[in-house]
Amino acid sequence: MSKSCFVNQPIIDWAAANDAVKAAIEKAVAMGLRVNAAVVDRGGLLVAFLRMPGAPLHSMDIATDKAYTAAGFGMPTGMWHEALKAHSEAVQQGVPLRPRFTAFGGGLPIIVDGQIIGGIGVSGALEDEDVACAQAGLEALGLAG
């Protein structure tokens, strides 16, 4: 009998990722915003992305990094400021220096049946507005943030 060398891990599929970024952008349109929206799988790989004309150029990478951070840690990116307070000074200073780590609002994990399957990130507006758009993406999947 051979030893198993792999595990099965659920990830978000392209259709759901597409629905999520579309809903996030539709929310931005309703709010009069110009944003970028990204969905990554549980490993942080980009699955879906939409960019609105006029959205800030740098927020393309920021949206993707918000999704990456949310998927990687399984918590909203806006919670990091408070979460880091519980850690040593070394952690407080070191974690934010990690490449692609984002510690401000707009990134939400995508969790189904208690398992992280990806993350959604929105960038280009105020933090609360980015969060509202990302939340709309989760709601399009029948999920809460």
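Helix axes are lines fitted to C-alpha atoms over the stretch in contact, and the angle between two of them runs from 0 to 180 degrees between N-to-C directions. With that in hand, the predicted model can be explored, beginning with helix α1 and its partner α5. These two helices pack at an angle of about 135°, and their axes lie 7 Å apart. Angles of 65 to 115 degrees count as roughly perpendicular and those over 145 as roughly antiparallel, so α1 and α5 are oblique to each other. The crossing of α1 past α5 is right-handed. On the α1 side, the residues in contact are Asp19, Ala20, Ala23, Ala24, Lys27, Ala28 and Met31, which meet Glu129, Ala132, Cys133, Ala136, Gly137 and Ala140 of α5.

Helix α1 itself deserves a closer look. It covers residues 14-31, and at 1.5 Å a residue its 18 residues should span 26 Å; the C-alpha atoms at its ends are 26 Å apart, which agrees. Which residues of α1 are buried? They are Ala17, Ala20, Val21, Ala23, Ala24, Ile25 and Ala28. A little helix geometry is handy here: an α-helix has 3.6 residues a turn, so residues three or four places apart point the same way. The buried residues of α1 pack against α5 (127-140) and also against the strands β1 (36-41), β2 (46-51) and β4 (115-123). Just after α1 comes glycine 32, with a positive phi of about 75°.

Charged side chains add another part of the picture. Side chains of opposite charge can pair when their charged atoms come close. The model contains 4 salt bridges. One of them joins glutamate 26 and lysine 22, at 3.3 Å from N to O. These two residues are 4 residues apart in helix α1, which means that about one helical turn separates them. Glutamate 26 is partly exposed, with 44% relative accessibility, and lysine 22 is likewise partly exposed, at 46%.

Another salt bridge links the side chains of arginine 100 and aspartate 65, at 3.0 Å from N to O. Arginine 100 sits in the loop between α4 (89-94) and β3 (107-112), while aspartate 65 belongs to helix α2 (residues 59-73), so this pair ties together parts that are 35 residues apart in sequence. Are the two partners buried or exposed? Arginine 100 is partly exposed, with a relative accessible area of 32%, whereas aspartate 65 counts as buried because its relative accessibility is 17%. Glutamate 82 and lysine 85 also form a salt bridge, at 3.3 Å from N to O, and glutamate 82 is exposed, at 52% relative accessibility.

Terms used
Residues are numbered from 1 along each chain as its sequence is written. This is a predicted model: local features need pLDDT of at least 70, side-chain atom pairs count only at pLDDT 80 or more; totals for chains, interfaces and linings use all residues. Side-chain values use heavy atoms; hydrogens and water are left out. The expected span of a helix is 1.5 Å times one less than its number of residues. Buried means under 20% relative accessible area, exposed over 50%, partly exposed in between (1.4 Å probe, protein chains only). Contact means heavy atoms within 4.5 Å. Angles under 35 degrees count as roughly parallel, over 145 as roughly antiparallel, 65 to 115 as roughly perpendicular and the rest as oblique. A crossing is left-handed if the near helix is turned anticlockwise from the far one by less than a right angle, and right-handed if clockwise.
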